[in-house]
Amino acid sequence: MAYATVFSPCLNCNRVFGYNPHKVPSILVNGVKEPVCLDCIEAENARREANDLELLPEPHPEAYQPIHESELWRQ
């Protein structure tokens, strides 16, 4: 049994981070889902809260955790 973590830069801050590709928050850019790190999600929600704006949903609890290899290629 093996697990995998996908690594790539955050769309917002460009810092490389690990995540579960099926659960991580992402933004569609030119037809490609681009992942967003937890620090950027939390910073954006702090900004929104300070400005009385609607908050982004909390990321899935497994969004930044490894994924079982059997789940990696599922659609």
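**Exercise 1. Give the order of helices and strands along the chain.**

Solution. Read along the sequence, the pattern is β-β-β-β-β-α-β. The tally is 1 helix and 6 strands. Both kinds of element are DSSP runs, numbered from the N terminus: helices are H or I with at least four residues, strands are E with at least two. The model is predicted: local features need pLDDT of at least 70, side-chain atom pairs count only at pLDDT 80 or more, and totals for chains, interfaces and linings use all residues. Residues are numbered from 1 along each chain as its sequence is written, and side-chain values use heavy atoms, with hydrogens and water left out.

**Exercise 2. Find how many disulfides the chain has, and explain the count for Cys13 and Cys40.**

Solution. Start with the rule: a disulfide is a pair of cysteine sulfur atoms within 2.5 Å. Next, take Cys13. Its closest cysteine sulfur is in Cys40, 3.7 Å away, so a bond is ruled out as too far. Then take Cys40. Its closest cysteine sulfur lies in Cys37, at 3.6 Å, again too far for a bond. The count is 0 disulfides.

**Exercise 3. Classify Cys13 and Cys40 as buried, partly exposed or exposed.**

Solution. Set the cut-offs on relative accessible area: buried is under 20%, exposed is over 50%, partly exposed is in between (1.4 Å probe, protein chains only). Cys13 has 37%, so Cys13 is partly exposed. Cys40 has 11%, so Cys40 is buried. For the whole chain, buried residues make up 24% of the 75 residues.
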